[in-house]
Amino acid sequence: MTLAGSVVRQACTTSFSALSNQTLMNLAEIFKQGNKLAILYVKCANLEDAQQVFNEMPQRNSLSWTVIIGGVAKQGQWHETLRLFHQMRGLGLQPNNFIIPSVLKACANLMSLQEGKDIHDYIVRNKLEIDLFVASALVDMYAKCGSLDCARQVFNKMPHRDLVAWNSMISGYAHNGQDAEALEIFNEMQREGLKPDLITWNALIAGYSHTGKTAEAMKLFNQMQSAGMKPDTVSWTALIQGYTQSACSNKALELFCQMQQAGLKPNSVTVASVLPACANLVALGYSREIHCYMARNGFDSDVFAGSALVDTYGKCGCLGDAHRLFDKMHQRNTVSWNAIISAYTMHGHGEGALKLFYQMQHESIMPDHITFTSILSACSHAGLVDEGWQYFELMKQEHNISPTVEHCACMVDLLGRAGHLKEAYEFISKMQVEPDACVWGGLLGACKVHGNVKLGERAAQHLFVLEPENAANYVLLSNIFAEAGNWVEEGKVRKMMEKRGLKKRPGCSWVEVKNRVHTFKVGDKSHPQIEEIYSMLQSWAGEMKEAGYVPDSNFVLQDVDDDEKEHILCGHSERLAIAFGIISTCHGTPIRVIKNLRVCGDCHTYTKFISKLSRREIFVRDGVRFHHFRDGVCSCRDYW
Ligand code: ZN
Ligand code: ZN
């Protein structure tokens, strides 16, 4: 390769800050002959200026195209890369082996396999395959597009393989869940005398994390260190992401702290990966700390990290914070809008969610299937049946989104809650996708609320096939029979449950106090301050009675989560969490609790009273939605 060639190559594939002064000087030298573009490009790294010069150039040669396409690709402007490439081809110019890797990179990042294949044809026709960089980029393109067989074919034919090619194969297999193949390549690479670098290790770790194999990812993380390789921010982030996605939120948070103790600074991707774990645990203290960290490091304007934070505030019960942050974001994409809309939905502000949806369309941000899940669920929580139908049609007709099973479950929920049970059943029978347990579960729940035995039985039959091990369905059906006074059938369902050895899923609640998450199971005696908690509950009992609270014995009978005895004694786990929250924080501090199951009617009433007696705002996020209790009323207006 000529000096000019290698210099241009380096400039096109390396980030500007990483270019050595010598390279920069060489580049300037190469283009000195009136090629202002290159000089500008080199001097200020300002793509806009460079593009302007490029557009004004009277004559463009192969080098100017190489520089502009390489520059655009380096900035990650993939669509623009392809556009320039087509423009160049349209002029009858032949792309060289410097341009092709940039274009393939664009195809890889846009997942445009067809375009990549066309370029592959061009490469073969022009015998460019022998170029190591071209072949490597081709392997990477196929691997990123998930076309691993094609990637392997190119890879096998390469006379020399660089680390990029090996890493692309490893990463491709790992991300595709083909761990055996990934490991095989990993070992083969070492047999050929190549030492895995940080990218290799990170590709493997990310691949395993991505497919939910966190234990394997962790093993590799340790192996990497034994091999003398120090994990970097990318390695830690991949690991954290894996644990967050696998709902191991505590572990994700723990790793996030360890990473900082190891002297590494989280970047915006790390932050966006750990925030869902905070949301899951309602770890508001951590979330606020991360928010400060983001602000200090300028990540709060990052669209992904910012959106993740909006989502986290929403899920931690801080709708106001979520909205303020959302308003301050410079750039907002569909993910950001989805975060704020779903926050309004979860908090039961159906109208607010719909208003945001209009605003989103007004700002020409395209809604996706997630937006519509939120919108339909907003209609459901607010009891807006007609509007729900309208959005369902709008989604299909104007946005060309075919209803997923989630959308259908929202519709069944919407119709069921509003008491249109027959309509809900008809909707299910006309569904284009196979109804899942959420759909039938929605109908069963609605049958319980509206006391429809016939449809309830039918829904339950489907559920017993779809999820035979889920005790909650049996309990719901037996409760429907019990309420209808049909004790014979009720007994049969209970027997069936016993025969299958099913136990109700234990209720569990969490509350964060001073940056520590405390867990309470029903009838929990393990907490160090349990005595205090029970005496608090005891002392409330009298006051509550005076204030007019009558325990709803009905819910003892229908209790989905736990034992009758425990319930009468102290109530469900959320009561322990609320009491602990109140005794451990100063007066006026809002209490935020999450529960794994749906909150029951009695606890809902109980919490309303507590919010008034203790003059505290209490947020309860259950398996379904948010309840915001203040001064004796709940944000859901008892429709949930
Ligand atoms: Zn309860
Ligand atoms: Zn409520």
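In which helix is the place of Thr345? In this predicted model, Thr345 belongs to helix H21, which covers residues 334-346, and the legends below take this residue as one of several close-up views.

**Figure 1. Overview of the predicted chain.** The model shown here and in the views that follow is predicted, and its chain is made up of 35 helices and six strands. Of the 640 residues of the chain, 52% count as buried. Among contacts in the chain between residues at least 6 apart in sequence, those that join residues at least 24 apart make up 62%.

**Figure 2. Surroundings of Thr345 in helix H21.** Thr345 lies in helix H21 (residues 334-346) and has a relative accessible area of 4%, so this residue counts as buried. When residues up to four places away in sequence are left out, Thr345 touches Ala353, Ser374 and Ser377, as well as Ala378 and His381.

**Figure 3. Surroundings of Phe304 in helix H19.** Phe304 is part of helix H19, which spans residues 303-315. Leaving aside residues up to four places away in sequence, Phe304 is in contact with Ala272 and Asn333. The view also includes Val269, which is separated from Phe304 by 35 residues in sequence, with a C-alpha to C-alpha distance of 7.8 Å in space.

**Figure 4. The site of the zinc ion (ligand 1).** Three residues are shown around the zinc ion (ligand 1), which is coordinated by ND1 of His572, SG of Cys600 and SG of Cys603, at 1.7 to 2.3 Å. Along the sequence, the spacing of these donor residues is H-x27-C-x2-C. Distant parts of the chain are linked by the pair His572 and Cys603, which are 31 residues apart: His572 lies in the loop between helix H33 (564-569) and helix H34 (573-584), and Cys603 in helix H35 (residues 601-613). His572 is buried, with a relative accessible area of 0%, and Cys603 is likewise buried, also with a value of 0%.

**Figure 5. The site of the zinc ion (ligand 2).** The zinc ion (ligand 2) is coordinated by NE2 of His604, ND1 of His627, SG of Cys634 and SG of Cys636, at 2.0 to 2.3 Å. The angles among the four donor atoms run from 103 to 116°, and the site of the zinc ion (ligand 2) is tetrahedral. In sequence, these donor residues follow the spacing H-x22-H-x6-C-x1-C. The pair His604 and Cys636 links distant parts of the chain, with His604 in helix H35 and Cys636, 32 residues apart from it, in the segment after strand S6 (633-634). His604 has a relative accessible area of 2% and is therefore buried, and Cys636, with a relative accessible area of 5%, is buried too.

**Figure 6. The second largest pocket and its lining.** The second largest pocket holds about 1200 Å³ of space. Its lining is formed by 41 residues, of which Lys105, Asp140, Lys144, Ser168 and Ile199 are the closest to the centre of the pocket. Two or more lining residues come from each of helix H1 (3-13), helix H5 (62-74), helix H7 (99-110), helix H9 (132-144), helix H11 (163-175), helix H13 (198-210) and helix H15 (233-245). Helix H11 gives the most to this lining, with seven residues. By residue class, the lining of the second largest pocket divides into 19 nonpolar, 15 polar and seven charged residues.

Technical notes: Residues numbered from 1 in each chain as written. Chains lettered and ligands numbered in written order. Predicted model: local features only at pLDDT ≥ 70, side-chain atom pairs only at ≥ 80, totals over all residues. Heavy atoms only, no water. Donors = N, O, S within 2.8 Å, 3.2 Å for Na, K, Ca; no water. Helix = DSSP H or I, 4+ residues; strand = E, 2+ residues; numbered from the N terminus. Buried < 20%, exposed > 50% of the residue type's maximum accessible area, 1.4 Å probe, protein only. Contact = heavy atoms within 4.5 Å. Tetrahedral: all angles 85-135°; square planar, octahedral: opposite > 155°, others 65-115°. 1 Å grid on protein atoms, 1.4 Å probe; cavity = no way out; pocket = protein on both sides within 12 Å on 5 of 7 lines; lining within 4 Å. Points joined across faces, edges and corners; volume = space filled by probe spheres on them. Nonpolar A, V, L, I, M, F, W, Y, C, P; charged D, E, K, R; others polar.
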